[in-house]
Amino acid sequence: MPARKPKRRPLGWFARLMAGAGWCSVVGLWLSAASQYVSPATFRYVGVLGLTFPMFLGGTAVLFVASLLFARRTAWITLLGLLTCVMSIRRYVPVNIPSPPPKHSLRVLTYNTLQFGSGAHDDEDRNVVAQYMLHSGADVICFQEGHTSPTEWDRHITPVLRDAYPYRDTLNLNFNNNLGCFSKYPIVSREVIYRVGFNASVAYEILLKRGDTLLVINNHLASNKLGPADREMYKKIVKDPEDAPMKQGIRQLVPKIAEATVARAVQADSVARYVSAHRRGRSAIVCGDFNDTPISYSRHRMAEGLTDAYVATGQGVGRSFNRDAIFVRIDNMFCSPDLRPYGACVDKSIAVSDHYPLYCNFKRIDTEK
């Protein structure tokens, strides 16, 4: 008679506990990853769910390691969760082979300047942000929150950048905010896609050479509008979410964040519709301050049909907001499929704004040699 296969012993109580915890973490990971495909304008709190992705990702990874060590028969649960979310994980933490830009590529820089570094000057009394832009090597600069005093603008910004960037455009939004574009190439047209309070998206048509134009869209989406007390509460929540006062803080912050995600969803829809209607085979770059995480509806909607330059060529988390406990990339740069990005980088060498600048080089695929 053939030998009977030995029966597998049922899982012990600890293994069952690990399996239950693994499934809870994996389901949370799946739900948070899927939230980017649902507009907060339809269900307002879905945008808040996307913020939990790194927490569920970390929890699932820890449980996977713990399962391998103490309950190996349950490790497949968390492994399945991680493998099925690999694309979402890559959006958060891309790892790429370094891609140095080829000659004659176009460098684009996007930077939320916080009023040009709030007028920060170096030891030689030069505006720090203007000097950074001058030496960045960028061909096109899109900036947000660029408003500063007339004296600062006339004495320390325009004279410094006039020769390097002879083509300039700014859109004033209110007394302490604007956004604009500095370019080495002619800006032949400007169109405001939407303009709401402190936020706007503007499309520039830039003439690279005769008959060859590039559509550049500069964005500043709605922020979460958290005051100093809210931000301090957020930092404490990140450090100890189980603390009882922190739970009360979560109930206070969630409605504010949810309201902001709805505003960003509407704005992102406007930009996505504009790109779809106006690109018409032209090269296009969409960039700016999105005020949202890599797993969010606004980022997903704006990236439709485009290549995420940082995901394709960047390295690591790419934290672009350098204050509080926000350790993610909220500034982005996308390009049309006919452009190939090289070496996207969040530059941490300058910290006079609450954002780090993001730059990338581009070259048309059909002209690469």
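**Exercise 1. Determine whether Y92 is buried or exposed, and describe how its ring sits against the ring of F53.**

Solution. Step 1: In this predicted model, Y92 has a relative accessible area of 5%. The limit for buried is under 20%, so Y92 is buried. F53, at 0% relative accessibility, is buried as well.

Step 2: There are 11 aromatic pairs by the ring-centre rule. In one of them, the ring centres of F53 and Y92 are 5.4 Å apart and the planes meet at 20°. Planes under 30 degrees apart count as stacked, so this pair is stacked.

Step 3: F53 belongs to helix α3 and Y92 to helix α5, so the pair ties together parts 39 residues apart in sequence.

**Exercise 2. Classify the ring pair F143 and F182, and state which strands it ties together.**

Solution. Step 1: The ring centres of F143 and F182 lie 4.9 Å apart, with the planes at 45°. That angle is neither under 30 degrees nor over 60, so the pair is tilted.

Step 2: Strand β2 (residues 140–144) holds F143 and strand β4 (residues 177–183) holds F182, so parts 39 residues apart in sequence are tied together.

Step 3: F143 is buried at 0% relative accessible area, and F182 is buried at 1%. Both belong to one aromatic cluster with F116 and W153.

**Exercise 3. Explain why C142 and C335 form no disulfide.**

Solution. Step 1: A disulfide is a covalent bond between the sulfur atoms of two cysteines. The cut-off for the sulfur pair is within 2.5 Å.

Step 2: For C142, the closest cysteine sulfur is in C287, 3.7 Å away, which is too far for a bond. For C335, the closest is in C360, at 7.0 Å, also too far.

Step 3: The count by this rule is 0 disulfides. C142 is buried at 0% relative accessibility, and C335 is buried, also with 0%.

**Exercise 4. Find which residues I193 touches beyond four places in sequence.**

Solution. Step 1: Locate I193 in strand β5 (residues 187–196). I193 counts as buried, with 18% relative accessibility.

Step 2: Leaving out residues up to four places away, the contacts of I193 are S201, A203, I217, S270, V271 and Y274.

Step 3: Take V271, which is 78 residues from I193 along the chain; their C-alpha atoms are separated by 6.7 Å.

**Exercise 5. State how far helix α1 reaches and what covers its buried residues.**

Solution. Step 1: Helix α1 (residues 13–34) contains 22 residues and spans 32 Å from first to last C-alpha, close to the expected 32 Å.

Step 2: Its buried residues include A15, M18, G22 and L29. The cover over the buried residues of α1 includes α2 (46–50), α3 (53–70), α4 (75–84) and α5 (86–92).

Notes:
Residues are numbered from 1 along each chain as its sequence is written. This is a predicted model: local features need pLDDT of at least 70, side-chain atom pairs count only at pLDDT 80 or more; totals for chains, interfaces and linings use all residues. Side-chain values use heavy atoms; hydrogens and water are left out. Helices (H or I, at least four residues) and strands (E, at least two) are DSSP runs, numbered from the N terminus. The expected span of a helix is 1.5 Å times one less than its number of residues. Buried means under 20% relative accessible area, exposed over 50%, partly exposed in between (1.4 Å probe, protein chains only). Contact means heavy atoms within 4.5 Å. Rings of Phe, Tyr and Trp (its six-membered ring) pair if their centres lie within 6.5 Å; planes under 30 degrees apart count as stacked, over 60 as edge-to-face and the rest as tilted.
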